[in-house]
Protein chains: 2
Amino acid sequence: MIVLTGRPQRPSDFVREPFFTPSGGFCPFCEGHEEKTPPEVLAFRSSGPANGAGWSVRVVPNKFPALRVEGELGRQGEGMFDKMNGIGAHEVVIECPDHQVSLADLAEKQVRDVLWAFRCRTLDLKQDRRLRYIVLFKNHGPAAGGMLEHTHSQLIALPVVPGRVREELDGAASYFHYKERCIYCDLVHQESQAGIRVVTETERFLVVEPYAPRFPFETWIVPTRHESHYEDADQASLENLAWVLRATLRKLDKVLERPAYNFTIHTAPLQESAMAHYHWHIEIMPKLTRVAGFEWATGFHINPTPPEESARFLREVGVV
Amino acid sequence: MIVLTGRPQRPSDFVREPFFTPSGGFCPFCEGHEEKTPPEVLAFRSSGPANGAGWSVRVVPNKFPALRVEGELGRQGEGMFDKMNGIGAHEVVIECPDHQVSLADLAEKQVRDVLWAFRCRTLDLKQDRRLRYIVLFKNHGPAAGGMLEHTHSQLIALPVVPGRVREELDGAASYFHYKERCIYCDLVHQESQAGIRVVTETERFLVVEPYAPRFPFETWIVPTRHESHYEDADQASLENLAWVLRATLRKLDKVLERPAYNFTIHTAPLQESAMAHYHWHIEIMPKLTRVAGFEWATGFHINPTPPEESARFLREVGVV
């Protein structure tokens with residue numbers, strides 16, 4: 001758990017109703033407002049100076065970061081408790097200069113630039129040996145925790161491998177130990193054969209509703225070739241992924257009437273080398289139900305929609 | 001993950017906006033509408049027949065249960081996947097006959113009856129040896145997943161000990177193995193001494209903002225005497241707990257302007273005997289922030305409010 005100590009929120013600070021940057025309100029992510037964000041750490045632009053207009057994708061440090069790069073970890077105890085400083089990085093990937101569009105609306109080339117930016121930032125941050133894990137994620141829409149309307153995703157680099165990630169890695173390692181095969185490679189093979197939970201399949205990716213989804217219309221994008229680290233994906237893969245991700249988001253938009261959603265890239269820890277047992281992938285979670293007491297207590301999720309049903313809806317809907 | 005196969009939800013079934021039983025709309029939990037719920041499994045009433053009026057607290061099976069008591073577990077494989085039938089119980093505790101009040105508004109005696117009903121139902125269901133764990137929880141308000149306005153809590157009895165619960169038990173067991181003391185007893189002692197995260201303290205309970213809370217104003221109610229199973233609490237304890245729980249909910253109502261919240265009772269597994277290393281308690285989680293991509297990926301939560309701050313607000317606010 002990360003407690004922000006810089007600017008404690010008082011009871012009246014909590015937002016009660018979803019809100020978005022009001023239309024016509026000021027947006028720091030729009031082209032021409034570059035000076036309103038911290039200086040960029042990466043931008044794709046054909047010409048012009050850094051922190052000026054003319055970019056397609058721009059990555060900037062989060063103005064209100066959950067973690068900061070400067071300082072020491074400073075692990076220490078406080079009686080029976082343990083604490084450490086919030087060392088890490090928190091960056092915002094502004095996915096396009098235009099305020100009015102969503103990631104699903106972007107041209108395929110633009111989506112590819114976003115995916116390429118994820119890769120570039122990961123490769124750069126990986127050089128800081130203190131950083132052990134990078135979480136790449138998108139919160140789209142207020143119900144999914146997306147508080148700014150201008151389309152963007154986020155990156156948080158952490159000085160530890162999170163417990164939830166370690167559980168997934170350990171689970172995959174146990175399977176590998178038993179079968180001598182990657183569980184995700186097996187999943188791709190079995191699901192592709194069965195077909196009933198498949199949404200789309202290309203040469204390089206399988207889009208599938210997982211067997212026991214936590215959420216209705218939970219959708220995974222899994223590379224068909226084994227690869228443990230997202231940042232090792234080559235240009236051809238990310239080009240294909242741009243098509244696949246865009247098509248998947250457009251299918252979800254069409255079937256669920258533009259839902260709020262989260263996606264996260266599940267990938268291997270930064271400072272660990274290529275693994276035979278783990279396989280990066282993307283998990284997309286449309287926000288259709290609410291997580292309540294039972295889910296918090298157990299980690300079990302009650303899902304009213306079987307994956308075979310949601311796969312059929314997504315498979316059958318056409319997107320341009 | 002529990003997939004409901006009885007009545008799959010189609011895309012158009014998902015509720016987009018929070019809703020409540022419209023005021024003046026029909027409520028099956030109100031006194032006089034007893035025939036609109038499945039027959040009661042428990043009720044406290046001074047006189048009159050079962051499933052009639054005149055009750056103070058009434059427990060009925062959920063009309064749309066996540067799990068059912070009938071049948072066999074039927075563990076089986078499906079290729080690389082595992083499945084079993086949804087055996088269990090899902091009950092609703094209707095906390096009072098009146099539609100217009102919340103749990104915090106009830107008289108102390110009425111809150112005690114609710115807590116006593118939790119205990120009675122647990123003791124009864126525990127006799128079914130297939131049932132391994134009971135989750136007692138409340139979803140208050142639409143933002144917390146509470147879909148019916150009439151004040152109620154829920155009970156789900158499961159044929160397995162959930163992974164999240166097992167983690168908590170194992171963590172407590174490791175601590176005990178190392179220190180030969182219960183981690184919750186140590187927490188009560190240390191927090192009571194330090195005082196800065198304490199909200200209220202009685203002879204039998206400590207109300208505390210935990211050291212590294214996942215959520216702003218997350219509040220725990222921990223018995224000061226060691227006890228692993230909620231259902232072993234005696235009448236005097238539950239009488240004191242009624243006062244403590246009511247006062248705590250009223251404080252949260254006052255400081256946070258009647259927030260939506262979840263609470264869950266964390267207790268030891270049904271079929272395991274009293275444990276020296278585990279200690280039942282209640283975790284209350286006001287719904288002030290949204291769980292988004294980062295939290296799903298890591299299990300880490302970013303909390304803008306340090307517990308010392310929230311404790312001070314809750315400590316200082318007076319309640320009648």
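1. Asn51(A) sits in the loop that links β2 and β3 of chain A; helices (H or I, at least four residues) and strands (E, at least two) are DSSP runs here, numbered from the N terminus. Phi of Asn51(A) is near 60 degrees, a positive value, and the residue is not a glycine. Most residues other than glycine have a negative phi. Is Asn51(A) exposed, partly exposed or buried? It counts as partly exposed because it has 15 C-beta neighbours inside 10 Å. The scale runs like this: buried means 20 or more other C-beta atoms within 10 Å of the residue's own, exposed means 12 or fewer, and partly exposed is in between, with C-beta atoms placed from the backbone.

2. Before going further, a word on the model. It is a predicted one, where local features need pLDDT of at least 70 and side-chain atom pairs count only at pLDDT 80 or more, while totals for chains, interfaces and linings use all residues. Residues are numbered from 1 along each chain as its sequence is written, and chains are lettered from A and ligands numbered from 1 in the order in which they are written.

3. Two other spots with positive phi are worth a look. Arg258(A), not a glycine either, has a phi of about 50 degrees, and its place is the loop between α4 (235-256) and β12 (261-266) of chain A. With 13 other C-beta atoms within 10 Å, Arg258(A) is partly exposed. In chain B, Glu180(B) comes just after α2(B) and has a positive phi of about 55 degrees. That helix, α2 (residues 163-179) of chain B, has 17 residues and spans 24 Å from first C-alpha to last, close to the expected 24 Å at 1.5 Å a residue; the expected span is 1.5 Å times one less than the number of residues.

4. Now the sheet of chain A. Its 10 strands form an open, antiparallel sheet in the order β2-β3-β6-β8-β7-β12-β13-β11-β10-β9. The edges are β2 (42-45) and β9 (198-201) of chain A, each with a single partner strand, so one side of each has no neighbour in the sheet. On average, neighbouring strands are turned by 15 degrees against each other, direction ignored. Pairing here requires that DSSP finds at least two bridges between the strands. For angles, axes are lines fitted to C-alpha atoms (for helices over the stretch in contact), and values run from 0 to 180 degrees between N-to-C directions.

5. Follow the register from the β2 edge inwards. β2(A) and β3 (residues 55-61) of chain A pair antiparallel over four bridges, with Ala43(A) opposite Arg58(A). Four bridges also join β3(A) to β6(A), again antiparallel, and there Arg58(A) stands opposite Ile94(A). β6(A) and β8(A) run antiparallel with six bridges between them, and His90(A) is opposite Ile156(A).

6. How many of the six residues of β6(A) are buried? Six of six, leaving the strand mostly covered. Ala89(A), Glu91(A) and Val93(A) point one way, His90(A), Val92(A) and Ile94(A) the other. In a regular strand the side chains alternate between the two faces of the sheet.

7. Val93(A) deserves its own point. In the largest nonpolar core, with 153 residues, Val93(A), Val222(A), Val93(B) and Val222(B) touch the most other members. A nonpolar core is a set of buried Ala, Val, Leu, Ile, Met, Phe, Trp, Tyr and Cys residues joined through C-beta atoms within 7 Å. Residues up to four places away in sequence aside, the contacts of Val93(A) include Val57(A), Val114(A), Phe118(A) and Leu155(A); contact means that C-beta atoms, placed from the backbone, lie within 7 Å.

8. Helices on the sheet of chain A: α1 (residues 108-125) lies across β2, β3, β6 (89-94), β7 (133-140) and β8 (152-158), at about 35 degrees to β3(A). Helix α3 (residues 183-194) lies across β9, β10 (205-208), β11 (219-223) and β13 (281-286), running at about 70 degrees to β10(A).

9. Last, the interface. 58 residues of chain B are in contact with 57 residues of chain A. Helix α5 (residues 293-298) of chain B gives the largest share of chain B's side, five residues. By class, that side has 36 nonpolar, 16 polar and six charged residues, where Ala, Val, Leu, Ile, Met, Phe, Trp, Tyr, Cys and Pro count as nonpolar, Asp, Glu, Lys and Arg as charged, and the others, Gly among them, as polar.

Conventions
Two residues are in contact if their C-beta atoms, placed from the backbone, lie within 7 Å.
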